[in-house]
Amino acid sequence: TMVETDQGTLAFQDYFVKHRCEPSLRGVRFEGASKAQASPAFQQALNTAGAVVYCPSNPVVSIGPILALPGVIQHLKDFHGPMVAVSPIVGEQALRGPAAKMLLELGEEVSCVGVARRLAGICDVLVVDRQDAHRIADVRAAGVDVEVMDTIMETDADKERLARELLQLIETMVES
């Protein structure tokens with residue numbers, strides 16, 4: 001992952017660690033992605049999975065490199081099971097890491113709506129935190145259905161509760 005910044009092109013790890021995400025971001029590219037391919041295990045998982053869950057990860061540099069691999073987006077568009085994402089942006093802030101700064105500097109909306117726009121076409125439902133319940137109509141307008149849950153995970157119990165709620169949502173989607 002290479003980032004274009006106001007200080008030139010940097011490897012993402014240099015941008016993230018050495019420069020502490022301080023340079024202004026101008027663009028992101030995934031060098032070699034067009035010649036790379038998804039691992040056989042990843043391809044097998046997509047072929048046999050009953051659902052896809054996008055964890056609350058940075059949509060630019062965590063999910064972006066996966067989507068940059070040839071065929072992955074089309075495979076997701078062709079996927080027949082439920083596809084659910086948990087927004088990593090809550091109340092216009094990233095809970096961890098530089099996702100909010102990166103989205104802002106790339107000219108994208110820093111919100112669950114911005115995340116929905118990035119995932120439209122490869123996600124059926126975006127799970128947003130209760131703090132963002134007022135954005136339901138905006139997420140739907142971006143082309144993704146929406147569910148509201150408590151998504152902030154501070155304890156193991158929070159993680160387990162959210163995982164159970166996501167599984168219940170997926171089961172409901174499969175049944176309908």
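A cavity, as the word is used here, is a set of grid points where a 1.4 Å probe fits but cannot get out, and its lining residues have an atom within 4 Å of such a point. The structure above is a predicted model, and it holds one cavity of 30 Å³ or more. That cavity encloses about 40 Å³ of space. Its lining consists of Tyr54, Cys55, Ser57, Pro59, Ile63, Ala85, Val86, Ser87, Pro88, Val115, Leu119 and Leu126. Sorted by class, ten of these residues are nonpolar, two are polar and none is charged. Strand β5 and helix α6 each contribute at least two residues to the lining. Both elements are worth following further.

Strand β5 belongs to an open sheet of four strands, whose order is β4-β5-β8-β9 and whose pairing is parallel. β4 and β9 are the edge strands, each pairing on one side only. Ignoring direction, neighbouring strands of the sheet are turned against each other by 25° on average. Within the sheet, β5 (residues 83-86) runs parallel to β8 (residues 125-129), and three bridges join the two. One residue to look for here is alanine 85, whose bridge partner in β8 is leucine 126. Ala85 and Leu126 both appear in the cavity lining as well. Helix α8 packs on the sheet and touches β4, β5, β8 and β9; the direction of α8 makes about 155° with that of β5.

The other contributor is helix α6, which spans residues 112-119. Why is α6 described as largely enclosed by the rest of the structure? Six of its eight residues are buried, so the helix has most of its residues under the cut-off of 20% relative accessible area. The buried residues are Cys112, Val113, Gly114, Val115, Ala116 and Leu119. They pack against β4, β5, β6 (89-90), β8 and α7 (136-141). Val115 and Leu119 are among the residues that line the cavity.

Next come the pockets, which are open sets of points. The largest pocket has about 270 Å³ of space. It is lined by 17 residues, and those closest to its centre are Pro56, Ser57, Pro88, Leu95 and Arg96. Its lining is made up of nine nonpolar, six polar and two charged residues. Ser57 and Pro88 also occur in the lining of the cavity.

The second largest pocket has a volume of about 190 Å³. Of its 13 lining residues, Phe42, Val52, Val53, Tyr54 and Ile66 lie nearest the centre. Two or more residues of the lining come from each of α2 (40-48), β4 (52-54), α3 (64-67) and α4 (72-78). β4 gives the most, with three residues. This lining has eleven nonpolar residues, two polar ones and no charged ones. Tyr54 is again a residue that lines the cavity.

Some individual loop residues complete the tour. Threonine 151 sits in the loop between β9 (145-149) and α8 (156-175). Is threonine 151 buried or exposed? Its relative accessibility is 4%, so it counts as buried. Beyond residues up to four places away in sequence, threonine 151 touches Val86, Val90, Val127, Val128, Asp129 and Leu162.

The loop between α1 (12-18) and β3 (25-29) holds cysteine 21. Cysteine 21 counts as buried because its relative accessible area is 9%. Setting aside neighbours within four places in sequence, cysteine 21 is in contact with Tyr15, Phe16, Pro98 and Lys101. Glycine 71, which is 50 residues from cysteine 21 in sequence, is 30 Å from it in space, C-alpha to C-alpha.

Arginine 20 lies in the same loop, between α1 and β3. This residue counts as exposed, because its relative accessibility is 59%. Its phi is near 50°, which is a positive value in a residue other than glycine. Glutamate 92 also has a positive phi, near 65°. Glutamate 92 is placed in the loop between β6 and β7 (93-94), and with 33% relative accessibility it counts as partly exposed.

How values were computed:
Residues are numbered from 1 along each chain as its sequence is written. This is a predicted model: local features need pLDDT of at least 70, side-chain atom pairs count only at pLDDT 80 or more; totals for chains, interfaces and linings use all residues. Side-chain values use heavy atoms; hydrogens and water are left out. On a 1 Å grid over the protein atoms alone, a cavity is a set of points where a 1.4 Å probe fits but cannot get out, and a pocket is an open set with protein on both sides within 12 Å along at least five of seven lines; lining residues have an atom within 4 Å of a point. Grid points are joined across faces, edges and corners, and a volume is the space filled by probe spheres set on the points. Ala, Val, Leu, Ile, Met, Phe, Trp, Tyr, Cys and Pro count as nonpolar, Asp, Glu, Lys and Arg as charged, and the others, Gly among them, as polar. Buried means under 20% relative accessible area, exposed over 50%, partly exposed in between (1.4 Å probe, protein chains only). Contact means heavy atoms within 4.5 Å. Two strands pair if DSSP finds at least two bridges between them. Axes are lines fitted to C-alpha atoms, for helices over the stretch in contact, and angles run from 0 to 180 degrees between N-to-C directions.
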